[in-house]
Amino acid sequence: MESAIKEKYMSTVEIENLVVEFKTDDDIVKAVNGVNLKVERGKTLGLVGETGAGKTTTALSILRLIPNPPGIIKEGKITLDGHNLFDYTEDEMDKIRGNKVSMIFQDPMTSLNPVITVGEQIAEGIQIHQNLNKSEAMKKAEEMLELVGIQKERATEYPHQFSGGMKQRVVIAIALSCNPQLLIADEPTTALDVTIQAQVLELMKNLREKYNTSMIMITHDLGIVAEVCDEVSIMYAGKIVEHGNLEDIFENTKHPYTEGLFNSLPNIEDRKSMLKPIKGLMPDPTNLPKGCAFHPRCIYAKEICSKREPVVTQLSDTHYVCCLAYENTEVKINGGGLIE
Ligand code: SF4
């Protein structure tokens, strides 16, 4: 019983103090600067932030796919079901990729080979990882196609014979074909139109429930987060600046950057209202601002914000924030959670 409970709540993946850098001719690009996160079995974590926040680099680190050189994982530890991924050899990692951990990319065409039938592409991973012969693997591939809502007869067709949404379904079938413990989806619906996007998200939710797969959903879309995630990590300039469950992040927003992301969303009830985008751009990762990296864009910034780097403040069992307003400083934030 005890072991069943432990199994249920065990984290699939845990990242501790991950630091990733890329070396260019003149500079060092600080892509990830001390990320901590964990995803429990069967749960979905949304990793949210603008382009350049370090979301994809964090995900690629889990698969140990950071190209070295120019990239290097400088510090940190990533465990998958309690095993440190950095202890594995390249051959062992090859067995983990696509088997225990799968990744779905934004554009299905980058993941599919145009000259191989979709059935063969799904069967390939199954054959390698599950030790089946070709016809057994093809039978399983047809089952996977049906699972994602595509008739098995279409297994003999090529990617160009499928629509964008169908291609992404094929990619999902490939990713799930070996029943991975962790599925990383990097903006999986961005290239799709809104109706197809909803169908693909629904499909991913159903499959996650069926297989109890843990998922990391990388997105800049808070609507998708509300739809499929259990927990959310908001990333800015290579760090997680706020983390919580859906209620913490959506109903009890604490970090000025998270607040800015919500203010940038269109208001459906008042269609004439102006969008309020966050001023400025994500900082140059070769030259991050001193103190809090968000200070040049933060409407609440005080002088101290350009000098002192905030640390993580735990607000509740589930909610964490990284901002000086929660560290007993003179910084004050409108909208709650203030240190008086
Ligand atoms: Fe804004 Fe200062 Fe908080 Fe950074 S530490 S988010 S600059 S208030």
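Trainee: Which residues of α11 are buried?

Mentor: Happy to start there, keeping in mind that this is a predicted model. Helix α11 is mostly covered, with six of its eight residues buried. Those six residues are Pro256, Tyr257, Thr258, Gly260, Leu261 and Phe262.

Trainee: What covers the buried residues of α11?

Mentor: Tyr257 is one of the buried residues of α11, and Gly49 is in contact with Tyr257. Gly49 itself sits in the loop between β3 (44–48) and α2 (55–62). The elements covering the buried residues of α11 include β3, α9 (222–228), β9 (231–236), β10 (239–245) and α10 (246–251).

Trainee: Is Gly49 buried or exposed?

Mentor: Leaving aside neighbours within four places in sequence, Gly49 is in contact with Lys55, Thr219, His220, Met235 and Tyr257. The cut-off for buried is under 20% relative accessible area. Gly49 has a relative accessible area of 2%, so Gly49 is buried.

Trainee: How is the ring pair of Tyr257 and Phe294 classed: stacked, tilted or edge-to-face?

Mentor: Good one for a chemist! The structure holds four aromatic pairs. In the pair of Tyr257 and Phe294, the ring centres are 5.3 Å apart and the planes stand at 70 degrees. Planes over 60 degrees apart count as edge-to-face, so the pair of Tyr257 and Phe294 is edge-to-face.

Trainee: Which residues do ring pairs link into a cluster?

Mentor: Tyr257 and Phe294 are both buried. Ring pairs link these two and one further residue into a cluster, made up of Tyr236, Tyr257 and Phe294.

Trainee: How many residues of the shell around the ligand are nonpolar?

Mentor: The space taken by the ligand is the largest cavity. Around the ligand are His255, Pro256, Cys292, Phe294, His295, Cys298, Ala301, Cys305, Cys323, Leu324 and Val331. This shell has no charged residues and two polar ones, and its nonpolar residues number nine.

Trainee: Where does Pro69, which follows a cis peptide bond, lie?

Mentor: The peptide bond from Asn68 to Pro69 is cis, with omega near -10 degrees. The bond from Pro69 to Pro70 is cis too, with omega near 10 degrees. Pro69 lies in the loop between α2 and β4 (71–80).

Trainee: Arg64 has a positive phi although it is not a glycine; is Arg64 buried or exposed?

Mentor: The phi of Arg64 is about 55 degrees, and Arg64 has its place in the loop between α2 and β4. Buried means under 20% relative accessible area. With a relative accessible area of 19%, Arg64 is buried.

Note on methods
Residues are numbered from 1 along each chain as its sequence is written. This is a predicted model: local features need pLDDT of at least 70, side-chain atom pairs count only at pLDDT 80 or more; totals for chains, interfaces and linings use all residues. Side-chain values use heavy atoms; hydrogens and water are left out. Helices (H or I, at least four residues) and strands (E, at least two) are DSSP runs, numbered from the N terminus. Buried means under 20% relative accessible area, exposed over 50%, partly exposed in between (1.4 Å probe, protein chains only). Contact means heavy atoms within 4.5 Å. A residue is near a molecule or strand if one of its heavy atoms lies within 4 Å of it. On a 1 Å grid over the protein atoms alone, a cavity is a set of points where a 1.4 Å probe fits but cannot get out, and a pocket is an open set with protein on both sides within 12 Å along at least five of seven lines; lining residues have an atom within 4 Å of a point. A molecule sits in a cavity or pocket if more than half of its atoms lie within 2 Å of its grid points. Ala, Val, Leu, Ile, Met, Phe, Trp, Tyr, Cys and Pro count as nonpolar, Asp, Glu, Lys and Arg as charged, and the others, Gly among them, as polar. Rings of Phe, Tyr and Trp (its six-membered ring) pair if their centres lie within 6.5 Å; planes under 30 degrees apart count as stacked, over 60 as edge-to-face and the rest as tilted.
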